[in-house]
Structure formats: structure tokens, C-alpha cells
Amino acid sequence: MNETSAALATTRWPLTAAGEADWLRELADDDGLTGFMPPALPDAAWVLHSMYEHEIGPTDMSYAAYQRAVLNGGGPEIIPGLDPADVFSGTPGEPLGPRWRRLRWAELSQRTGDPVAPEGQLPCHRSFPSLREPSGWPVGIAGPSEGSLDRADWNRLVDILTEHSPQGTQTSCLAYYSPLLHGAEEFENLHVRAGTLADAKVLYDHPEEDGWTPSNLWARDRTWVLCTDYDLRATKVAGPAPLIEALLNDTDIEALRLPWTL
């Protein structure tokens, strides 16, 4: 955690009235336990959470099996070319080591024959069934995060939201955090914070949010809203067509429309 960023987040994103999220509850017609999922406003796209591939590629051993082997005293000899430090030394949400590269969902879909998202489904732990074993994905691929964006995607998403908000960096925003992000303890008093897009990137380091990105972030004027559902591996962004087109055409973020969610 960046201490300077954490101090800014504490100062510039204070808690505000839980009632600020009432409109989202009505919009989503949901209790927000995993995040308030918005409809299209009038359009929407899904930002796919990043995954990464080691330079040796996927292996025949699952992550869970590899972890057991390392705990039992194994080292680089378990899988030649793969050092346990390459697999276990990273920080969640942060860039992996130099031997890892970004693996796009579209590339993995073409390679495996699995659709990015089967019709009627959302990007989640059931995605890419051909890779799944009883104990999980193969070691050599770092799968997408569930319920939170990584820092690079979060920062790029904030930039795009800023570019497509009339008030730019001064856009007033609110951020909601699901009770599940806090040990499923605060169900009565919803965790809602107020700030601006100018300071949205430092939310990543808010010391009271345990490294999670918000379940929902929205402009106070309600022109756009995003939802990172606790159980999903993609973030839905709902808003005007130019914003959605910018996401779909961006070269850093990987996004797509899922027509059955509009």
C-alpha cells in the first residue's frame, strides 16, 4: 500500500450517509449484498478483469497441486522453468514479475474454444471450463480477480470516466462497498464514501477498505455507474453511448457488450 495515497484516500473519501445508495437499490431492485447491478443507462459494457500468463505458459499441474508440492518442500524442480517465487511473491492487484505477460480473454477464448462468456452467463469462476480441473486452473496462468479490479485496470477506468464526464476531474462521486468486503458484518449501515474523480485512483489504497475496489462507483448526477460484483470477474459500466464506445475501443482495458445483460 502506498502510504501517501492511503493518507489522501482517508482525507478525501470520508464516509457519508448510507441513504446515498438508496437510488441504486431501487434501480437494481436488489439488496446490494454483492453490489448493486445497474441496467443500461442507456448502454453498458463489461470490463474484463485482467489475467496473466507466465512465459512458460500453462502447465499440466493445477495451482492448488503446485501449492501443495511447494509446501511439501519442492522448488524449481517441480516444474522446470517455473520458480515458486514467480507464483507466490506477488501482491494482489499489483503487476506480476517480469516473466508474466497480460493474457487477454479473447486470446484465451480463441486458444481453448471456450466463449468469453457463454450466452446467458456472466464472466465468473465458471468461465473457461476447459481449463478447470477439480482443483482449479493450471499453474502458469494467473486468473482474473473476483470482486475487485487490479490497480492498472482501475486507474485506466478512472481515466476514461474522467474523459467522459462533463465536470472532468471535479465530477462528484460516491463509492459503495458491499458488506461482504468487510467480513459480512455491517448489513445495517451501508459503507458509502464521497469524493471526486480527481481522487478516485487513491481509493485503491484506502486503509479501511482492505485493498478492494468499490462494489459501486457512480457520478452524483447519476449519468454513469459501475458495479464490481463480489462474485464476478468483470465490472459492468452503465452510462451514455460515448462512454461505452470508449471502453470497447480502448487498447488497455478489455471490454465487451453482453446483450443479455442490457
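## A seven-stranded sheet and the helix across it

Two bridges connect strand E1, residues 43-48, with strand E10, and these two strands run antiparallel. Within this pairing, Trp-46 has Leu-256 of E10 as its bridge partner. The model you are looking at is predicted, and here is a quick tour of how its parts fit together.

**The sheet**
- E1 and E10 belong to an open sheet of seven strands, ordered E6-E5-E7-E8-E9-E1-E10, with antiparallel pairing.
- At the edges sit strand E6 (191-196) and strand E10 (255-256), each of which pairs on one side only.
- As general background, strands of a sheet pair through backbone hydrogen bonds, in either a parallel or an antiparallel way.

**The helix across the sheet**
- Helix H6, made of residues 151-163, lies across E1, strand E7 (216-219), strand E8 (225-227) and strand E9 (234-239).
- Relative to E8, helix H6 runs at about 165°.

**The whole chain**
- The protein chain holds seven helices and 10 strands.
- Its radius of gyration is 19 Å, close to the 18 Å that the globule rule gives for 262 residues, so the chain is as compact as a globular protein of that length.
- Along the principal axes, the C-alpha atoms of the chain fill a box of roughly 55 × 40 × 30 Å.

**Contacts and surface**
- Of the contacts between residues at least 6 apart in sequence, 73% join residues at least 24 apart.
- Buried residues account for 47% of the 262 residues in the chain.
- The accessible surface of the chain is about 12000 Å², and 51% of that surface belongs to carbon and sulfur atoms.

Conventions: Residues numbered from 1 in each chain as written. Predicted model: local features only at pLDDT ≥ 70, side-chain atom pairs only at ≥ 80, totals over all residues. Heavy atoms only, no water. Pairing = 2+ DSSP bridges. Helix = DSSP H or I, 4+ residues; strand = E, 2+ residues; numbered from the N terminus. Contact = heavy atoms within 4.5 Å. Axes fitted to C-alpha atoms, helices over the stretch in contact; angles between N-to-C directions. Rg over C-alpha atoms; globule rule 2.2 N^0.38 Å. Buried < 20%, exposed > 50% of the residue type's maximum accessible area, 1.4 Å probe, protein only. Areas by Shrake-Rupley, 256 points an atom, 1.4 Å probe, with all protein chains shown as cover.
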